[in-house]
Amino acid sequence: MSSKQFDLVVLGTGPSGGTVASKIARSGKRVALVDSRTFGGVCALRGCNPKKVYVNAGQLVDQVHRGNGRLVSDASLQIDWKQLHAFKTEFTQPVADKKEQSFQDDGIKTFHGVARFVAPDTIDVVGTKLTAERFLIATGGRPRELSFAGAENVTRSDEFLELETLPDHVVFIGGGYISLEFAGVVARAGRRVTVIEKNARVLAGFDPDLVDQLTGSLRDNGVQFQLNAEISRVEKSKDGRLQIHFANQESPLPCGLAIHGAGRVPNIDELCLSQGEIVHGENGVTVNSFMQNPTNPRVFATGDCADNGMPRLTPVANEDARIAAKNLFSEKLDRVPDYGHVPKVAFTIPSIASVGLSEEEARQTNHNLDVLSDDISSWGSVRKIGPTVAGYKLLIDSKTDVILGAHLLGPSAEETINLFALAMKFNLTATDMKSTLFAFPTFASDVRSML
C-alpha cells in the first residue's frame, strides 16, 4: 500500500471538480484528481451535452413535420437512431479521450477508483492513501435507487445514451426532466412511448398550467401517460421483453425497454464520509455559505453533491466551483456564491422554462400579485414555424412592479427565460423590460407583449 501527500485532493472530474482542480494546480499547488468513471463528468459525457444532441434531432423532425404543407412539401424525414448515436459520440468521445491528459498537462496527478475517507485528512483509492491539506467533494449525482422488484431490468439514462437501436415500445419510469426530454425524442423516432409517474402530474417543478399544455401536446404526438401509477415489479422474459406490473392495476404493461427517469440523488454513499468526520445527509454534504463542511473544515463540496439548498444544475455547480477555488486556501473565508435567480429548463418539445417564484409561492408571500398569463399558440411568432403549443405566466408585484417569477412554454423558451433571469438579478422592473426595444421579429420581442 502506497501513500501520497497533496495540497488538494478533488473527488469528481465534472464542470465543478475539474475546474477547481485546474485552477488550483495552475497556482502552484500539488493537486490530485480522483474519479471512479471516465474523466469528464456527467454533463459532458452522460448528461446535458449529449442529451441536447438528441433533443436537437427531435426538435428538427418535429418542426419539419409541423411545417408539412406550409413550410415544406415533403416531411418524410426520420431519425436514424444509429446515426444519431454516432453523431453524439463526436461530442463525448473527445472528452473521454483527452480530458484526463489535459489535467495531467496541468500537473495534476490522476487516480481511478472509488475514493473512501479513512481519516479526516486521508482517503483511500484502491489501496493508495492520499493525504491532503484540503479536499473538494464534487462527485455529482446518481440515479435514485428504485425500490420495486426487478429494478435491475431498468436501463439508466447513461446506458440509454449508448444504445444504437430502439425497440418498438419504450417506457420511461418517472415524470421528471430525463423522462420528458427523451420521451419526445423517442416518439419522434417513430416508437411507442409511455411515461409512468407515481404522482398526479409530471414535471413537478414547473408551472402546472403550462405543464398541462405541454403534456397535451406530447399526447398528440404519441406519448402516453400513466399517472398515479405505482410499479410493483418489472419482469424480464428470455427474449428480453419486459412486463411492468402495477400495485393498483391488474394488467401489466409490456415493453421492449424501460428507462430510469425517477430522479437523482447526491453521489456520496461510497465515500465513507463519517470516517472523515464530514457531516452530511440525504441532500448531500453539508456546507456553509463558503462551500465548506462545518465539521471538517479542510473539506469543501460543490455541485450536485453539496447540500446548499440550490437546484442541482450545471450553472449552480459552476458558481460553486468559482467560490470554492477562491476559498480553499484563503486565510480568511469571505467569498460566497452569487447565484442570482437561477433559471431552469426542461428541453422537452417544445421547451418549458422557469425562473423565480411559482404562482403558489408568490401568492403565499405577496399580497399585491398580478398574474399575467396566456396561451400564445396562435401568436404569429409561433405560427411562423409551424403550429405548436406555447404559453406564459408572469408574476408581478403590482405595487413595486418587481418581477417575482417567469414561466414560459414554447419555441425558444430556453433562451427567452434568460432575459427574465437577467432582469430579476439586476432588479429591472416589468416596465423596464416592456420599454426595452428587442430585435424584431424574434421570440424575445414577444416579451413586450407578455408584459
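Does Asp304 count as buried, exposed or partly exposed, and at what relative accessibility? In the predicted model examined here, Asp304 counts as partly exposed, because its relative accessibility is 21%, and a residue is called buried under 20%. Asp304 is placed in the loop that joins β18 (299-301) to β19 (306-307). When neighbours within four places in sequence are set aside, the contacts of Asp304 are Gly140, Gly141, Pro266, Arg312 and Leu313.

Asp304 is listed together with Lys52 under "binding site" in an unreviewed UniProt entry. Lys52 belongs to helix α3, which covers residues 48-66. With a relative accessible area of 25%, Lys52 is partly exposed. Apart from neighbours within four places in sequence, Lys52 is in contact with Gln59 and Phe347.

A further "binding site" listing in UniProt, also from an unreviewed entry, names Gly174, Gly175, Gly176, Tyr177, Ile178, Ser179, Leu180, Glu181, Glu197 and Gly263. These residues span 90 residues in sequence, yet no two of their C-alpha atoms lie more than 14.5 Å apart, so the listed positions gather at one spot. Two of them may be considered in turn, Gly174 and Tyr177.

Gly174 is located in the loop between β8 (169-173) and α6 (177-187). The relative accessible area of Gly174 is 8%, and the residue is therefore buried. Beyond residues up to four places away in sequence, Gly174 touches Ser179, Val195, Ile196, Glu197, Gly261 and Ala262. Among these contacts, Ser179 and Glu197 also appear in the UniProt listing.

Tyr177 is part of helix α6. Its relative accessible area of 31% makes Tyr177 partly exposed, whereas Gly174 is buried. The contacts of Tyr177, leaving out neighbours within four places in sequence, are Leu203, Phe206, Lys344, Val345 and Ala346.

The surroundings of α6 include a sheet. This sheet is open and consists of four strands in the order β10-β9-β8-β14, with parallel pairing. Strands β10 (223-226) and β14 (257-260) stand at the edges with a single partner strand each, so one side of each has no neighbour in the sheet. From one strand to the next, the twist averages 25 degrees. Strands of a sheet pair through backbone hydrogen bonds, either parallel or antiparallel. In the present sheet, β9 (residues 192-196) pairs with β10 in the parallel sense over four bridges. Val195 has Phe225 of β10 as its bridge partner, and Val195 is also one of the residues touched by Gly174. Helix α6 lies across β8, β9, β10 and β14, and runs at about 170 degrees to β8.

Attention may next be given to helix α1. Of the 10 residues of α1 (residues 17-26), seven are buried, so the helix is largely enclosed by the rest of the structure. The buried residues are Gly17, Gly18, Val20, Ala21, Ser22, Ile24 and Ala25. They pack against three strands and two helices, namely β1 (3-11), β2 (31-35) and β6 (128-137), together with α4 (81-105) and α8 (314-327). After α1 comes Gly28, which has a positive phi near 105 degrees.

Positive phi values are also found in residues other than glycine. One of them is Cys272, with phi near 55 degrees. Cys272 lies in the loop between β15 (264-266) and β16 (280-281), and is partly exposed at a relative accessible area of 33%. Another is Asn427, with a positive phi of about 60 degrees. Asn427 is situated in the loop between α11 (413-425) and α12. The relative accessible area of Asn427 is 65%, so this residue is exposed.

Finally, cis peptide bonds occur before two prolines, Pro350 and Pro441. The bond from Ile349 to Pro350 has omega near 0 degrees, and Pro350 is placed in the loop between β20 (344-346) and β21 (352-356). The bond from Phe440 to Pro441 has omega near -5 degrees. Pro441 is found in the loop that separates α12 (430-434) from α13 (446-450).

Key:
Residues are numbered from 1 along each chain as its sequence is written. This is a predicted model: local features need pLDDT of at least 70, side-chain atom pairs count only at pLDDT 80 or more; totals for chains, interfaces and linings use all residues. Side-chain values use heavy atoms; hydrogens and water are left out. UniProt positions are given in the numbering used here, feature names are shortened, and annotations may be inferred rather than shown by experiment. Buried means under 20% relative accessible area, exposed over 50%, partly exposed in between (1.4 Å probe, protein chains only). Contact means heavy atoms within 4.5 Å. Two strands pair if DSSP finds at least two bridges between them. Axes are lines fitted to C-alpha atoms, for helices over the stretch in contact, and angles run from 0 to 180 degrees between N-to-C directions.
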